[in-house]
2 protein chains.
Amino acid sequence: MRGVTSRRAVIALGGNAMTGPDGSATPAAQRAALAVAAEAVAAVVAAGVEVVLTHGNGPQVGNLLVKNEMAAAVVPPVPLDWCVAQTQATVGFTLADELDAALAARGLDRRTAALVTRTLVDADDPHFAAPSKPVGRYLPAAEAARFTALGQHWQDRGPRGWRRVVASPEPRSVVDAPAIAALVAAGFVVVCAGGGGVPVVEGAPLHGVETVVDKDLTAALLARELGADTLVVATDVPHVVVGWGTDAARPLGRVTPAELRAHAAAGEFDGGSMGPKVEAALRFVEGPVDGLAPPRRAVVTSLDTIADAVTGDAVGTVLTA
Amino acid sequence: MRGVTSRRAVIALGGNAMTGPDGSATPAAQRAALAVAAEAVAAVVAAGVEVVLTHGNGPQVGNLLVKNEMAAAVVPPVPLDWCVAQTQATVGFTLADELDAALAARGLDRRTAALVTRTLVDADDPHFAAPSKPVGRYLPAAEAARFTALGQHWQDRGPRGWRRVVASPEPRSVVDAPAIAALVAAGFVVVCAGGGGVPVVEGAPLHGVETVVDKDLTAALLARELGADTLVVATDVPHVVVGWGTDAARPLGRVTPAELRAHAAAGEFDGGSMGPKVEAALRFVEGPVDGLAPPRRAVVTSLDTIADAVTGDAVGTVLTA
């Protein structure tokens, strides 16, 4: 492996870093998966890299929405932005527990801090007019109707039933990026912007909106705001693949933005899964570079190879400007 | 008012700072109460004081426990320590929204950061053997029996029914105090240690326990760990009162530790309410003072007078060493 130097990396952990093999988000399954992720992250820290971690939260938010719904007659449901915040805290402290232990086991004098993080979105983002991101559980049509009557958007998703859909607007800025930067500067590994951040819109005060920001797009934005040189999108496959599911399936190794954009434009990537990861990698790498900024590199790869991805360029799908 | 100088203050916000007048913890009631609290806190920041905020979470945790229970057949319940974490995030980001707006309205170039905070307790704390702190809702005996069968402790609380009781062990250290200190040093107003902190016990890794740490006792510990000179316990009454409910009722103004200890020993203070606030004030002020440390002062007073409490000594019950 050719060595590369990374000073500061943002690592976006995917669902497999915090759910069981069956997608279960029980506390025990979450903890076991995070212990594995913590080992992989500790190896990156051991290489001398400043690490900022973001993470997904789909199954966790789904569980909270079910609780909201089933207890609504007794306790007030909380909005979706509150649910996102709740998952930041539960993933945050359990990951901090596991990562602090993994860092200590390596003799590293570093600690983890979990920050509640807000992400600004535009109140007039066009995605609000076309909610499409499914959240929570499937329900029969009659039960879904109770919630559409409350103003929620639900869609007929076929044989499994109806499911709530929400908008997924563009992240405009990470409100708490300055606090994240302060913690990084003080030597902490920071867990933040979980689930794409708690979505808020402008106002005095800022206030939450019932939507979900894509966690990989927020990670790309945060990585730029923090002046990171490396973005790693950690998932459950070692590479981005073109021709997925066909005889011509081919993993992408080193790739240019132009090549990756062309594959995306050709519809190679699933909008709900690999599409946002590819888009996040492109957004991080593309665009103007400040003369003083380090060259930027994005890697999409599996969780177990993230240390090699940050310190080398021989694993994963590697995108450079 | 005689002016006093505070450099760094820890302010513990009571339930009235985040629930409606009827104790309701709906999102709207919480937000409205936090907006009022944010104004009071902004006035302290405007006086040039470094402010660290902690807060209670009783009604909020109660709601989460009900959701756990009512949805248990569909989604896995999460442990009590997770519920505490969840309230740190929801109070944290909504308070940050309100406080950022209040600071900006005063032209202050300061921002708020909300940190997920763990508090270490001893696994062999004797309180674990005698759970006594009620949490969550009242249930009929038959329903309570379902949960005692799961290992939970429930008590017959009289005509309203049975209620879960948990231990409330001593806070030993605030695990994330170094991250809090880093954020304070970088100029942030920090919201942390909500609900007394997420209780964790030693181990590799640390891990959560199903208990609740008293938020005022954690605030006193944190204030010492951060080298604060002032602890304010903000509540819904202007003073600590002795002879409460009698013709001899008398508010306490300036008081010495010896006097306050004597009142506590005489049973003047309710163990579930004013008792821990008085104990927190005493623990902060008493004990050895490092030669370089500032003199310590604790004030118990109402939320609307906390700015006067930090910058003067004419309001509230004021305890100095």
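This is a walk through a predicted model of two chains, A and B, one selection at a time.

**Stop 1: the interface**

Start by colouring chain A and chain B separately and looking at where they touch. On the A side 54 residues are in contact, against 53 residues on the B side. How much area do chain A and chain B bury between them? About 4300 Å², and 72% of that is on carbon and sulfur atoms. Now show A:K67, A:W82 and A:F93 as sticks: these three supply 17% of the area that chain A buries against chain B, more than any other three residues.

For the polar side of things, the interface of chain A and chain B has four salt bridges, along with ten residue pairs in polar contact. Several elements of chain A give two or more residues to the side that touches chain B, including the helices α1 (27–46), α2 (58–70) and α5 (177–185) and the strand β3 (112–116). Which element gives the most? Pick α3(A), which puts 13 residues into the side of chain A that touches chain B.

**Stop 2: a salt-bridge network across the chains**

Stay at the interface and select A:D100. Its side chain meets that of B:R118 in a salt bridge, 3.0 Å from N to O. A:D100 also pairs with A:R111 from its own chain, where the closest N and O atoms are 3.7 Å apart. Within chain A, that second pair runs from A:R111, in the loop between α3 and β3, to A:D100 in helix α3, eleven residues apart. Is A:D100 buried or exposed? At a relative accessible area of 10%, A:D100 is buried, while A:R111 is partly exposed at 33%.

Now widen the selection to A:R31, A:D97, A:E98, A:D100, A:R111, B:R118 and B:D176: they are linked in a network of salt bridges.

**Stop 3: salt bridges that reach along chain A**

The count over all chains is 36 salt bridges, and two more in chain A deserve a click. Take A:R137 and A:E69, whose side chains meet at 2.4 Å, N to O. A:R137 sits in strand β5 (residues 133–139) and A:E69 in helix α2, 68 residues apart. A:E69 is buried, at 12% relative accessibility; A:R137 is partly exposed, at 24%.

Next, jump to A:E170 and A:R283, with their closest N and O atoms 2.6 Å apart. A:E170 is in the loop between β7 (162–166) and β8 (173–174) and A:R283 is in helix α8, so this salt bridge ties together parts that are 113 residues apart in sequence. Here A:E170 is the buried partner, at 17%, and A:R283 is partly exposed, at 29%.

**Stop 4: rings**

How many aromatic pairs turn up over all chains? There are two. Show A:F147 with A:W154: the rings are stacked, 5.6 Å centre to centre, with 25 degrees between the planes. The B:F147 and B:W154 pair is stacked too, again at 5.6 Å and 25 degrees. In chain A, both partners are buried: A:F147 has a relative accessible area of 8%, and A:W154 has 11%.

While rings are on display, add A:F284 and A:R296. The arginine lies over the face of A:F284, at 5.8 Å from the ring centre. In chain B, B:R296 lies over the face of B:F284, at 5.7 Å.

**Stop 5: A:V289 and A:T317**

From A:R296, step over to A:V289, in the loop between α8 (274–285) and β16 (297–302). A:V289 is partly exposed, at 42%. Leaving aside its neighbours within four places in sequence, A:V289 is in contact with A:P294 and A:R296.

Then select A:T317, in strand β17 (residues 317–320). A:T317 is buried, with 3% relative accessibility. A polar atom of the A:T317 side chain lies 2.8 Å from the backbone nitrogen of A:V240. Beyond four places in sequence, contacts of A:T317 include A:P238, A:L252, A:A298 and A:V300.

**Stop 6: helix α6 in chain B**

Finish on α6 (residues 215–225) of chain B, where nine of the eleven residues are buried. Among them are B:L217, B:L221 and B:L222. What caps the N-terminal end of this helix? Show B:D214: one of its side-chain oxygens lies 3.0 Å from the backbone nitrogen of B:D216. Just after α6(B), look for B:G227, which takes a positive phi of about 65 degrees.

Technical notes: Residues are numbered from 1 along each chain as its sequence is written. Chains are lettered from A and ligands numbered from 1 in the order in which they are written. This is a predicted model: local features need pLDDT of at least 70, side-chain atom pairs count only at pLDDT 80 or more; totals for chains, interfaces and linings use all residues. Side-chain values use heavy atoms; hydrogens and water are left out. Rings of Phe, Tyr and Trp (its six-membered ring) pair if their centres lie within 6.5 Å; planes under 30 degrees apart count as stacked, over 60 as edge-to-face and the rest as tilted. Buried means under 20% relative accessible area, exposed over 50%, partly exposed in between (1.4 Å probe, protein chains only). A charge sits over a ring if NZ of Lys or CZ of Arg is within 6 Å of the ring centre and within 35 degrees of the ring normal. Helices (H or I, at least four residues) and strands (E, at least two) are DSSP runs, numbered from the N terminus. A polar contact is a pair of N or O atoms within 3.5 Å; within protein, one must be able to donate a hydrogen and the other to accept it, and residues adjacent in sequence count only if both atoms are side-chain atoms. Contact means heavy atoms within 4.5 Å. Buried area is the accessible area (1.4 Å probe) that two parts lose on being put together, summed over both.
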